[in-house]
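Visitor: I'm new to this one and would like a close look at a single part. Could you pick a spot on the inside and walk me through what surrounds it?

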Amino acid sequence: MTSDLKRALEHLRLRAAVRRSCATLAGWLAHGAGLSLVLMMLHVTLDVLLKYFFKLPIPGTAEVVAAYYMIGVVFLPLAYIEVHGRPIMVELFYDRLPQRLQAPLDMLGSALSLGFYAFLAWQSTKMACAALESGEYIDGLWQVVVWPSRFLIPSGLLLACAAMLLRLAVLLQGGRAGHGGDCAEPL
């Protein structure tokens, strides 16, 4: 084999390994989001049952739901959504455009999404660090420590940034971005 062919094969193997790693990590975070959803459902259901049948509500339910479960449900699956090419998209005119115009729009949309995710990740990391330093908690019937949940936000956003970087790499190499159910080339 020539050295160029060996380098090309190594590049393809590395790219496949990065894609698999990103997809695996995104899958684990999506499972975390699903677990958050199930725990939230069980917690709220138990609270309602105890409140209305035994007059014994679970203290701090609203605080835990807002500070932990909802954050997990919203931010953890972002990378999974991007890796599998399933963000919410309005393709009113996009599908009618010729392929040569769709590719630059895919690149622009991916770059803007990357910038948006990166900005949110940066800001949420600063907020999470401030919450850690202050030992942030919510004062209700019980004190609910919430600073650990603040790190779920940048975690989901940073992996979404990685997924967008992979998508941009695919687009720059002439690939197509996966959309909805007909993913041309999911990451």
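Guide: Let's go to Cys161, which is buried, with a relative accessible area of just 7%. Keep in mind that what you're looking at is a predicted model. Cys161 belongs to the largest nonpolar core, a set of eleven residues. Its companions there include Ile71, Leu78, Leu114, Tyr117, Ala121, Ile153 and Leu157, along with Ala160, Met164 and Leu168. Two helices, α4 (99-134) and α5 (152-172), each supply at least two residues of this core, and α5 gives the most, with six. That fits a broader habit: in soluble globular proteins, nonpolar side chains tend to be buried together.

To get a feel for how this core is joined up, try Leu78. Setting aside its neighbours within four places in sequence, Leu78 is in contact with Tyr117, Gly156, Leu157 and Ala160. There's also a second, separate core, this one of ten residues, with Ala26, Ala79, Val83 and Leu159 among them.

Now, seeing a cysteine in there, you may be wondering about disulfides. The count comes to zero. Cys129 isn't in one: the nearest cysteine sulfur to it is that of Cys161, 16 Å away. Cys129 is partly exposed, with a relative accessible area of 34%, whereas Cys161 is buried. And what about Cys161 itself? The closest cysteine sulfur to its own is in Cys22, 11 Å off, so that gap is too far for a bond.

Before you go, here are two other places to compare with our buried cysteine. On the surface, Leu35, Val38, Leu39, Met41 and Leu42 form a nonpolar patch, with about 450 Å² of accessible area together. Take Val38 from that group: Val38 lies in helix α1 (residues 3-54) and is partly exposed, at a relative accessible area of 41%.

The other place is Thr61, found in helix α2 (residues 61-75). Thr61 is buried, with a relative accessible area of 8%. Not counting residues up to four places away in sequence, Thr61 touches His43, Val44 and Asp47. For a sense of distance, Thr61 and Ala16 are 45 residues apart in sequence and 43 Å apart in space, going from C-alpha to C-alpha.

Note on methods:
Residues numbered from 1 in each chain as written. Predicted model: local features only at pLDDT ≥ 70, side-chain atom pairs only at ≥ 80, totals over all residues. Heavy atoms only, no water. Patch = residues over 30% accessible without salt bridge, like charges linked within 9 Å, V, L, I, M, F, W, Y side chains within 5 Å. Areas by Shrake-Rupley, 256 points an atom, 1.4 Å probe, with all protein chains shown as cover. Salt bridge = Lys/Arg side-chain N within 4 Å of Asp/Glu carboxyl O. Helix = DSSP H or I, 4+ residues; strand = E, 2+ residues; numbered from the N terminus. Buried < 20%, exposed > 50% of the residue type's maximum accessible area, 1.4 Å probe, protein only. Core = buried A, V, L, I, M, F, W, Y, C linked by side-chain atoms within 4.5 Å. Contact = heavy atoms within 4.5 Å. Disulfide = S-S within 2.5 Å.
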